[in-house]
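Student: Could you give me a close look at a single part of this structure? Please start from one pairing and work outward, so that I can follow it on screen.

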Amino acid sequence: MSARRWIATLASTALIAGLSTAAAHAGDGAIPPWAHCGTEASGSGSEGFVDHAQLTSALKQLEASTGGLVDVEVAGYSQQGRAIHTARVGEGDKVVYVQTQIHGNEMHGTEAALELLKRWGSDSPAAQELRKNVTVVVVPRLNADGGELDRRQNDMSWGEVVADFPQLADASPAWNYNARVGGFDVNRDFNPNLDYVPAAADFPGSSADTGWYITPEAQTSRDVYRSLEREFGTVDFFVDLHNQWSCYATDDMESMSPLSISAKFIDDPAAFGDWPKFDMVASKRANVAVYQALQEQGDSSFGDLTLYPQSTNLPGTALGSYQLRGSAAILFETSSQTQYDGMKRNGMLTQMVETGLGGLVDAVADGSVDSLDAGVYDSIPERVTLPSDGPGV
Ligand SMILES: [Zn+2]
């Protein structure tokens, strides 16, 4: 259902009365539950966000202005030949790997990461202390082609996959291939076995199974992960920054939930082999660090954070595959499709990701993340869907 039709349907039901009551209680910076549900169309999707050329120059500027404290490298190339970068800061022996925009039209994480890199690379005493204790590696806009096209998928045909992997000539196209747009949902192309070689028998696959590293974007993410694993032993934390549909509420229906987070991506880790470093408690603690950083913001909608559905079973996602290998995994789902939201709201949402991710990295740097109560995670309410659901993680 479109948001517009949903609003029309709402208006004709008794539910609207309940929402109006909720509005009266939704002062204190909370966002009332019918706001920003795709009703504020405001120009083109990527308006106000950096494009590929601007992102590239922002990263170079960051490297120059921090005297190399933020080290920018090319990690790989998208299918259409755009450079995919890493930006690395700090020399601590705990590592946090942050990935943004694996879905090209999910922009807020990239903006937040640029702001945080600026902070982490600064000469403030806090930044100097942080850099001693933690290493942060950011891949901003992994799906560079999808970002440029303002769409979820990358820009690669099944024929191009077969050209790269001739053994797939007689295979059915992968289930996550969208023939209409000519691209893959890159966030289904991951496998906990980093050395997996695509085999025809494993196609078309399914959402309940692992992926293949057939896209150059997933291959680039894997190559960064593997090099960090070799350097640090374990990639301690993996953060994936996404956007979800705008129309989710808190469980009391009193306000919109501008952000959902999650530690849960796989129903049965044992179904995908023996992964002794899989650590659900560590993932929950890391999510609690994000949650607490936002709760501390007091009188604002930042506190209206919810959990992403805990029934999620997606082993072919970066989060699922890397979590099996031993990373504490943290999903951010900012409640916005950028094409519908005005710049003011986009600024607020970017700031929210910045606060949550900044809080996690602070908690890793000072070691406090290890003593957080994982039980707090289970007390965070799940998001409540207002209209029809979007495609999600
Ligand atoms: Zn996404």
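Tutor: Let's start with strand S1 (residues 70–77) and strand S2 (residues 83–89), which in this predicted model pair in the antiparallel sense over seven bridges. You can follow the register through individual partners: Asp71 has Arg88 of S2 as its bridge partner, and Glu73 stands opposite Thr86 in S2. Five residues lie between the two strands of this hairpin, and Gly81 takes a positive phi there, near 85 degrees.

Now widen the view to the sheet. S1 and S2 begin the order S1-S2-S4-S3-S7-S11-S9-S10, an open sheet of eight strands with mixed pairing. S1 is an edge strand, and so is strand S10 (306–307), each of them pairing on one side only. As a reminder, the strands of a sheet pair through backbone hydrogen bonds, either parallel or antiparallel.

Follow that order along to S11, where S7 comes before it and S9 after it. S11 covers residues 328–335 and contains Glu333. The UniProt record, in an unreviewed entry, places the feature "active site" at Glu333. Is this residue buried or exposed? Glu333 counts as buried, because it has 26 C-beta neighbours inside 10 Å, and the cut-off for burial is 20 or more.

Next, look at what lies over this part of the sheet. Helix H9 (residues 280–295) lies across strand S7 (237–244), strand S9 (259–262) and S11, and runs at about 40 degrees to S11. The helix has the length you would expect: at 1.5 Å a residue, its 16 residues should span 22 Å, and the end C-alpha atoms are indeed 22 Å apart. How enclosed is H9 by the rest of the structure? It is largely enclosed, because 12 of its 16 residues are buried. Those buried residues include Ala282, Ala286, Ala289 and Ala293, and also Lys284, Arg285 and Asn287. Their cover includes the strands S7, S9 and S11, and helices contribute as well, among them helix H10 (318–324), helix H11 (343–365) and helix H12 (375–379).

The loop that leads from S9 to H9 is worth a stop too, and Asp267 sits in it. Unlike the buried residues of H9, Asp267 counts as exposed, because it has 12 C-beta neighbours inside 10 Å. Its C-alpha atom is separated by 7.5 Å from that of Thr312, although these residues are 45 apart along the chain.

Back on the sheet, step to S4, which follows S2 in the order. Between strand S4 (134–139) and helix H6 (144–149) there is a loop that holds Arg141. Its phi is positive, near 55 degrees, in a residue other than glycine. Most residues other than glycine have a negative phi, and most peptide bonds are trans. Arg141 counts as buried, because 30 C-beta neighbours lie inside 10 Å. On the other side of H6, the loop between H6 and helix H7 (158–164) holds Asp150, which also has a positive phi near 55 degrees. Its surroundings are another matter: Asp150 counts as partly exposed, because it has 17 C-beta neighbours inside 10 Å. For a cis peptide bond, go to the step from Phe203 to Pro204, where omega is near 5 degrees. Pro204 belongs to the loop between strand S6 (183–184) and helix H8 (216–232).

Finally, set all this against the chain. It has 12 helices and 12 strands, and 50% of its 393 residues count as buried. Of the contacts between residues at least 6 apart in sequence, 82% join residues at least 24 apart. The mean pLDDT is 87, and 84% of the residues reach 70 or more. Over residues 39–44, however, the pLDDT is below 50, and that stretch has eight contacts in the model beyond near neighbours in sequence. Residues 1–27 also stay under 50, with 25 contacts beyond four places in sequence.

Terms used: Residues are numbered from 1 along each chain as its sequence is written. This is a predicted model: local features need pLDDT of at least 70, side-chain atom pairs count only at pLDDT 80 or more; totals for chains, interfaces and linings use all residues. UniProt positions are given in the numbering used here, feature names are shortened, and annotations may be inferred rather than shown by experiment. Helices (H or I, at least four residues) and strands (E, at least two) are DSSP runs, numbered from the N terminus. Two strands pair if DSSP finds at least two bridges between them. Two residues are in contact if their C-beta atoms, placed from the backbone, lie within 7 Å. Axes are lines fitted to C-alpha atoms, for helices over the stretch in contact, and angles run from 0 to 180 degrees between N-to-C directions. The expected span of a helix is 1.5 Å times one less than its number of residues. pLDDT is the predictor's confidence in each residue, from 0 to 100.
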